[in-house]
Amino acid sequence: MTERFAPPPARGCSTTPVLKERGQHEVFCGLTGIIWLHRKMQDAFFLVIGSRTCAHLLQSAAGVMIFAEPRFATAILEETDLAGMADAQKELDRVVHELLERRPDIRQLFLVGSCPSEVIKLDLANAAERMSAEFAPRVRVLSYSGSGIETTFTQGEDACLAAMVPVLPASDERQLLLVGALPDVVEEQAVGLLEAMGVGPIRVLPAPVRNAEYGVGPNTVYALTQPFLTDTHEALSRRGARHLPAPFPFGEEGTTAWLWAVAQEFGVDAETFARVTEKPRARARKAIAQASENLRGKSVFFFPDSQLELPLARFLTRECGMHAIEVGAPFIHRAVMGPELDLLAEGPVIAEGQDVDRQLDRARAARPDLVVCGLGLANPLEAEGMTTKWAIELVFTPVHFYEQAGDLAGLFSRPLRRRGLLKLEAA
Ligand code: SF4
């Protein structure tokens with residue numbers, strides 16, 4: 001029965017030698033995660049300790065937020081503040097006091113570190129601990145780094161969630177923890193499917209508000225919904241919780257395998273699983289078939305950016321008929337990516353890290369039909385006649401689980417269709 005929902009075997013890339021590159025890289029920093037995290041955690045505030053560049057990044061990335069009561073800001077430490085560490089700490093205390101007086105709705109405050117060397121020297125962990133003691137029990141203060149030196153843009157979420165794990169209470173309750181910030185509608189679908197199979201109780205990290213939090217402990221099993229949560233994975237393991245390794249819930253096949261891993265852990269029988277998933281699986285297959293028509297037979301090349309590259313390459317090759325030339329990921333954590341590497345058919349170069357010029361040379365030589373990369377590389381590659389997909393869109397668009405599987409394929413087919421139309425117009 002176990003094989004019934006497990007994907008068919010592939011030779012796999014688990015033993016493919018990984019090309020490790022440690023050169024210049026072109027990615028957004030971890031501050032970007034604040035844009036989706038502040039929507040998920042309704043009583044949280046993100047205070048970036050940074051420079052004017054950080055403030056500009058947040059403002060332009062979150063431009064749509066200007067009409068809402070913001071739940072993030074940048075404490076810009078001027079050169080003079082940074083000249084003496086004591087002054088910088090005092091300045092930070094002043095900003096936090098003002099903020100918490102003005103905003104009694106804040107229950108969790110994240111001090112988010114950034115790149116400037118003086119900010120790196122500031123001991124934000126200590127400051128958070130001191131402030132937590134001062135403002136408890138009303139406000140919990142935590143810290144993490146979103147610095148572009150240490151993090152790619154999705155690692156900001158990982159660093160944030162990993163900072164929350166150690167302060168969760170202890171619990172012996174048998175429970176499933178879904179880990180990763182998904183759009184509400186997608187999260188509801190996942191929880192709905194699992195509850196319909198009888199799986200529960202189900203908790204999510206991050207919880208929508210601090211009061212909705214729960215404990216973790218040795219009877220907690222957790223499933224990651226995002227492939228970039230490796231520090232969070234380690235932090236949960238340290239609390240005694242157990243990871244359910246599985247492919248990620250992208251596409252019909254990935255979603256089924258992910259749900260099946262959870263279902264097996266909770267003793268769901270195959271008939272129940274089939275009954276609950278049959279219709280959404282059929283819908284997903286149909287939607288993917290329609291949306292991937294112009295992807296079949298095309299080649300794809302991934303630059304490392306979002307950390308979603310391996311699961312997406314698996315989806316595009318196994319469900320959309322593409323073939324992968326190179327799959328680059330910022331880092332490859334075997335315990336998290338193992339099930340993906342097993343399923344990705346042998347063939348593409350698997351690269352970890354980046355040496356952007358060398359990788360650009362390989363992409364130019366291969367002339368793939370589609371390049372998935374960051375914004376900084378997309379424009380020059382488009383100018384050279386290549387078709388690109390911005391990796392960052394994959395994080396801002398609902399793409400997980402069955403009902404979004406067609407949209408996920410559509411995100412990749414749209415740039416190819418657009419390029420086809422431009423060629424027709426030019427002819
Ligand atoms: Fe730039 Fe670093 Fe600030 Fe990110 S954290 S906006 S990379 S200065």
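This is a guided tour of a predicted model, arranged as a series of selections to make in the viewer.

**The domains**

Begin by colouring the protein chain according to its domain assignment. Domain 1 is made of two segments, 2–25 and 288–426. Domain 2 covers 30–151, and domain 3 covers 175–280.

**The ligand**

Select the ligand next, together with the residues around it. Which residues should appear around the ligand? They are Cys29, Leu31, Gly50, Ser51, Thr53, Cys54, Leu57, Ser114, Cys115, Gly146, Ser147 and Gly148. Colour this shell by residue class: five of its residues are nonpolar, seven are polar, and no charged residue is present. Then highlight helix H2, residues 52–61, which contributes the most to the shell, with three residues.

**A cis peptide bond before Pro137**

Move to Ala136 and Pro137, which are joined by a cis peptide bond with omega of about 0°. Pro137 is placed in the loop that runs between helix H6 (124–135) and strand S5 (140–145).

**The sheet of four strands**

Now select strands S6 to S9. They form an open sheet with parallel pairing, and the order of the four strands is S7-S6-S8-S9. The edges are S7 and strand S9 (242–243), each of which pairs on one side only. Within this sheet, display strand S6 (residues 175–179) and strand S8 (residues 220–224): these run parallel and are joined by five bridges. Val179 can be found opposite Leu224 in S8.

A further cis peptide bond is found by selecting Gly200 and Pro201, where omega is about -5°. Pro201 belongs to the loop between helix H8 (184–196) and strand S7 (202–205).

**The sheet of six strands**

Select next the strands of the other sheet. In what order do its six strands lie? The order is S1-S12-S11-S10-S13-S14, in an open sheet with parallel pairing. Strand S1 (18–22) and strand S14 (388–390) are the edge strands, each pairing on one side only. From one strand to the next, the twist averages 20°.

Zoom in on S1 and its partner, strand S12 (residues 349–354): the two run parallel, and five bridges join them. Here Arg22 stands opposite Gln354 in S12.

Add the helices that lie on this sheet. Helix H15 (residues 375–383) packs on it, touching strand S13 (370–373) and S14. The direction of H15 makes about 160° with that of S14. H12 lies across strand S10 (299–302) and strand S11 (323–329), and it runs at about 170° to S11.

Before leaving this region, select Gln307, in the loop between S10 and H12. Its phi is near 80°, a positive value in a residue other than glycine.

**Helices H10 and H12**

Keep H12 (residues 309–319) in view and add helix H10 (residues 251–265). How far apart are the axes of H10 and H12? They are 8 Å apart, and the two helices pack at an angle of about 120°. H10 and H12 are therefore oblique to each other.

To see the contact itself, show the side chains of the following residues:

- on H10, Gly251, Glu252, Glu253 and Gly254;
- on H12, Pro311, Arg314, Phe315, Arg318 and Glu319.

Coloured by class, the residues of this contact divide into two nonpolar, two polar and five charged.

**Where domain 1 meets domain 3**

For the last stop, show domain 1 and domain 3 together. Their C-alpha centres lie 25 Å apart. How many residues of each domain take part in the contact? From domain 1 there are 31 residues, in contact with 30 residues of domain 3. On the domain 1 side, the elements that supply two or more residues are H12, helix H13 (334–343) and helix H17 (405–426). The residues on that side comprise 20 nonpolar, five polar and six charged.

Key
Residues numbered from 1 in each chain as written. Predicted model: local features only at pLDDT ≥ 70, side-chain atom pairs only at ≥ 80, totals over all residues. Near = placed C-beta within 6 Å. Nonpolar A, V, L, I, M, F, W, Y, C, P; charged D, E, K, R; others polar. Axes fitted to C-alpha atoms, helices over the stretch in contact; angles between N-to-C directions. Parallel < 35°, antiparallel > 145°, perpendicular 65-115°, else oblique. Contact = placed C-beta atoms within 7 Å. Domains from an automatic or database assignment. Pairing = 2+ DSSP bridges.
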